[in-house]
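Student: I am new to this structure and would like a close look at a single part of it, the enclosed spaces inside. Please take me through them and through what surrounds them.

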Amino acid sequence: MNILAETHTHTNACSHAYNSLLEMVNGAKQKGMELITITDHAPALPDAPHEWHFLNLKAVPRKMDGIYVLRGAEANIIDMEGGLDLGEEALKRLDVVIASIHSPCLKPGTEEEHTNTYLKVLQNPCVDILGHCGTPRYQFDIDRVLAEVKKQDKIVEINSHTFLVRQDSAENCRKIAKRCRELGVKIVISTDAHSIYEIGEIKAAQKVVEEAGIEEELVMNTTAEKFLSYLCRRKGYDRSRFEEKLPDGLSAI
């Protein structure tokens, strides 16, 4: 199964990532990608950019040298009410919003509290993708949350980076992937790339998806067109939104 749309990447707008936006776009092109989504961490994470960074992503063309460049964020879930650390104006301007729990931003609670938190997050119309949700410290009722993902026509991320930096999450990720197949929940296979060298490196996540028996029809980022079509259908975007090009004479290389 080919994955030609990168749905989760970080630039050095966050100090724990190591390449510029332009370098990430060029890296995606060199790896044969059709699309890259720039999803830098939202402001509650200690080294994340200011909210203005996300409000001003209109400065970035959505198409550079034939590569779709989507404006996104990895928003932090900051309370048990499903609150996010970006305001509604910023969220509405973005093409893609991933909602994730990071331990500096949310103290663990009970399984029931985590379940209700995810349910409320999924009811936020701006959220598209539930990010790396296998962390054992934040256990939740998988069936209840995945049922809500499906009801809201949203996506669960199977994150390859998890198997490198959050290895204690691996077993939960396998359970989540298996239930996604059984319940018919849409997924993306992501890299969570923090440098150009991680772009397209999905072997760990792809193995989990294959072992779970997830069919290609449930994987929303096999091609740019499939991912864009999903976004247009769910969020009501006009397809022309993504055809903006660089001004004449400029190049992403």
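Tutor: A cavity here is a set of grid points where a 1.4 Å probe fits but cannot get out. The model is a predicted one. A search of the whole structure finds two cavities of 30 Å³ or more.

The largest cavity has a volume of about 60 Å³. Its lining is made up of H132, C133, G134, V156, E157, I158, N159, T162, C173 and I176. Two elements, β7 (155-159) and α7, each give two or more residues to this lining. Of the elements, β7 gives the most, with four residues. By type, the lining of the largest cavity divides into five nonpolar residues, four polar and one charged.

The second largest cavity holds about 40 Å³ of space. Around this second cavity stand C133, G134, T135, Y138, Q139, F140, I142, N172 and I176. Its lining divides into five nonpolar residues, four polar and no charged. C133, G134 and I176 are named in the lining of the largest cavity and again in that of the second largest.

V156, one of the residues lining the largest cavity, leads on to the packing around it. Leaving out residues up to four places away in sequence, V156 touches L130, C133, L146, V149, I176, C180, V185, K186, I187 and V188. Among these contacts of V156 are C133 and I176, which line both the largest cavity and the second largest.

V156 also belongs to the largest nonpolar core, which has 62 residues. Together with I36 and I214, V156 is among those with the most contacts inside this core. Helix α7 (residues 170-183) gives the most to this core, with five residues. Apart from the largest core lies another, of 18 residues, including Y68, I155, M220 and L231. In soluble globular proteins, nonpolar side chains tend to be buried together.

L231, from the core of 18 residues, is also one of the buried residues of helix α9. The others are A224, F227, L228, Y230, C232 and R234. Helix α9 covers residues 224-235 and has 12 residues. From its first C-alpha to its last, α9 reaches 16 Å, close to the 16 Å expected at 1.5 Å a residue. Just after α9, G236 takes a positive phi of about 75°.

Note on methods
Residues are numbered from 1 along each chain as its sequence is written. This is a predicted model: local features need pLDDT of at least 70, side-chain atom pairs count only at pLDDT 80 or more; totals for chains, interfaces and linings use all residues. Side-chain values use heavy atoms; hydrogens and water are left out. The expected span of a helix is 1.5 Å times one less than its number of residues. Buried means under 20% relative accessible area, exposed over 50%, partly exposed in between (1.4 Å probe, protein chains only). A nonpolar core is a set of buried Ala, Val, Leu, Ile, Met, Phe, Trp, Tyr and Cys residues joined through side-chain atoms within 4.5 Å. Contact means heavy atoms within 4.5 Å. On a 1 Å grid over the protein atoms alone, a cavity is a set of points where a 1.4 Å probe fits but cannot get out, and a pocket is an open set with protein on both sides within 12 Å along at least five of seven lines; lining residues have an atom within 4 Å of a point. Grid points are joined across faces, edges and corners, and a volume is the space filled by probe spheres set on the points. Ala, Val, Leu, Ile, Met, Phe, Trp, Tyr, Cys and Pro count as nonpolar, Asp, Glu, Lys and Arg as charged, and the others, Gly among them, as polar.
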